[in-house]
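User: I should like a close look at a single part of this model, namely the way its aromatic rings pair with one another. Please explain the reasoning in terms that a first-year student can follow.

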Amino acid sequence: MNNRNWWKDRIAYQVYPRSFRDANGDGTGDLKGITEKLDYLKELGIGLLWLSPVYKSPMDDGGYDIADYRGIDPLFGSMEDMDELLREANKRDIRILMDLVINHCSDEHPWFQKALREPGCEEESYFYFRRTEDGQPPNNWRSMFGGSAWEKTPDGRYYLHLFSKKQPDLNWENPRLREQLYDMIRFWLDKGLGGFRIDAIVHIKKLPGLPSGPSNAPDGMVDCFPYARNIPGIGDFLTELREQTFDRYQCVTVAEAAGVPNEQLGEYIGENGYFSTMFDFSYSEPYSYGRGWHTCKNPGEWDFRRWRDTLYASQLETQKVGYGAVFTENHDYPRAIQKFVPEKDHSPEVQKALGILYFYLRGVPFIYQGQELGMTNARFPSIDPIDDISTRNHYRVALEDGLSPEEAIKLVARYSRDNARVPFPWDASENGGFSPAGVKTWLPVHPDYQTVNAAAEEHDPESVLTFYKQMVALRKSEPTFVDGAFAPILRRYDKLIAYTRKGTSPGEKTFAVLCSFSDKTRKVELPFDVKSIRLCSHGGVKLSGNTLTLKPYQSVLLELSAPEAK
């Protein structure tokens with residue numbers, strides 16, 4: 001690596017370590033399992049590998065509640081296993097990104113445990129502890145997992161937690177705390193990490209005074225977002241973070257930065273931005289929900305044009321100032337096909353079409369484990385096997401709203417994060433080759449593992465995995481897909497996402513992507529001449545002159561002979 005943008009032409013892959021590969025036969029994925037499968041990732045074309053947290057943790061929120069920032073949880077192995085993974089990945093030119101969770105830690109972290117034992121100690125100031133005269137919570141903020149954002153301690157104090165009560169928020173106003181965090185980050189970068197995906201970073205600044213707000217629900221509470229997300233002054237913290245850590249290494253930083261206004265994007269990912277790149281979540285949810293997931297509209301019933309325009313705006317605004325990270329799946333979402341396509345239209349071919357949709361947008365494409373196989377939601381029959389704290393909260397709210405257990409699990413499970421966290425199916429053997437036969441896996445294996453698995457798809461020329469390999473190879477072979485300009489086209493057509501990528505240097509090509517979200521065959525008049533059809537999700541392409549016929553839920557990638565597309 002000899003430049004600060006070494007990461008821009010790479011393909012990223014997210015591993016949820018608990019569910020990727022179980023090397024020691026205990027039913028849980030581990031670091032040695034990831035090392036075993038590096039050649040699979042190399043063959044896929046991966047250059048960046050993001051690991052969800054493997055730090056020591058009680059696992060209240062899937063490892064995002066960290067009890068020791070410098071220790072590997074025995075669930076995943078040892079620090080020696082981590083060092084081995086780094087060495088073996090680097091041999092294959094795969095750079096490891098760890099998850100950096102510094103808005104909060106675990107209530108089992110030594111800092112917090114000392115603060116509980118010794119009121120008034122230095123560690124107490126690392127958190128938001130408060131006492132109140134009336135014994136009620138200091139304000140009416142609602143946590144993101146439901147209920148009050150304040151938890152009462154046995155001695156009558158309250159502490160703030162925007163997420164689970166086992167995830168106390170860290171007080172970034174304390175310079176001693178910040179230096180502790182910076183030293184920890186340098187510890188990991190000195191080990192040779194490629195960088196970090198940075199969790200919930202937009203929440204580290206809270207509105208001064210921590211004021212209550214007008215209630216927006218019968219519980220008398222208010223969502224914490226307006227008071228603890230992208231609050232003025234956060235830039236001072238983020239600048240210091242970058243200068244004290246990232247600037248000293250040629251690393252890549254990918255921020256989970258929900259809600260950043262367009263006018264501030266340059267501050268986050270511009271030439272001198274806080275981070276290398278960031279995820280924009282504005283287009284990742286086509287629907288909105290109120291009290292719970294059970295209030296969401298069904299796929300296909302949301303405002304398609306609004307969603308499409310949001311996606312276009314994200315691309316256009318981001319390219320003005322920097323470089324994005326594009327995705328449709330991660331550990332916090334159900335499988336993408338469940339969100340975007342009615343169940344009657346689900347198929348491996350539609351999975352390929354969704355792949356084309358996002359893979360050629362401007363930005364680093366992130367593949368989430370199992371996405372390249374075309375994995376679907378897991379179809380949980382009851383709440384019993386579900387581990388995710390957020391899902392259990394939404395299930396509880398659905399029951400409170402009068403749904404039966406059968407209705408609640410049917411509706412809530414559609415959006416459960418555990419849909420994407422079930423074990424990765426490597427083959428058709430018992431447990432899908434994730435764990436040895438006879439071992440109970442930490443989450444149930446997907447019911448389709450005997451047909452949807454890596455071994456079955458590896459040599460199938462029509463499989464989703466083969467198609468993803470083709471998409472990766474094509475993207476890596478054409479410079480246009482790295483820095484080429486993005487422009488939306490054909491806006492007059494409903495249920496159609498269409499855009500061009502035009503090369504910015506002499507000799508670079510121009511491409512067009514068209515993705516139909518209609519369940520009917522349709523004709524589209526193209527405002528340009530097509531040189532060749534580079535990819536098609538399924539069923540072949542019918543092109544007569546400049547009239548393209550698209551099958552239901554079909555996507556195509558076209559190379560253009562005329563650069564001026566309108």
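Analyst: The following account concerns the aromatic pairs of this structure, which is a predicted model. The count comes to 46 aromatic pairs. One of them joins Phe-279 and Phe-327, whose ring centres are 5.3 Å apart. Their planes meet at 80°, and an angle over 60 degrees counts as edge-to-face, so this pair is edge-to-face.

The two partners come from distant parts of the chain, 48 residues apart. Phe-279 belongs to strand E13 (residues 277-279), whereas Phe-327 lies in the loop between strand E14 (325-326) and helix H10 (336-340). Phe-279 has a relative accessible area of 4% and is therefore buried, the cut-off being under 20%. Phe-327, at 2% relative accessibility, is buried as well.

Phe-327 also pairs with Phe-281, again edge-to-face, with 5.5 Å from centre to centre and 65° between the planes. Phe-281 is located in the loop between E13 and helix H9 (304-321), and Phe-327 in the loop between E14 and H10, so this pair ties together parts that are 46 residues apart in sequence. Phe-281 is buried, like Phe-327.

These residues belong to a cluster linked by ring pairs: Trp-50, Phe-279, Phe-281, Tyr-283, Phe-327, Tyr-333 and Phe-366. Tyr-333 in this cluster has a charged neighbour too, for Lys-339 lies over the face of its ring, at 3.8 Å from the ring centre. Elsewhere, the charged end of Arg-95 sits over the ring of Trp-6, 5.6 Å from the centre of that ring.

Note on methods:
Residues numbered from 1 in each chain as written. Predicted model: local features only at pLDDT ≥ 70, side-chain atom pairs only at ≥ 80, totals over all residues. Heavy atoms only, no water. Phe/Tyr/Trp six-rings, centres within 6.5 Å; stacked < 30°, edge-to-face > 60°. Helix = DSSP H or I, 4+ residues; strand = E, 2+ residues; numbered from the N terminus. Buried < 20%, exposed > 50% of the residue type's maximum accessible area, 1.4 Å probe, protein only. Lys NZ or Arg CZ within 6 Å of the ring centre and 35° of its normal.
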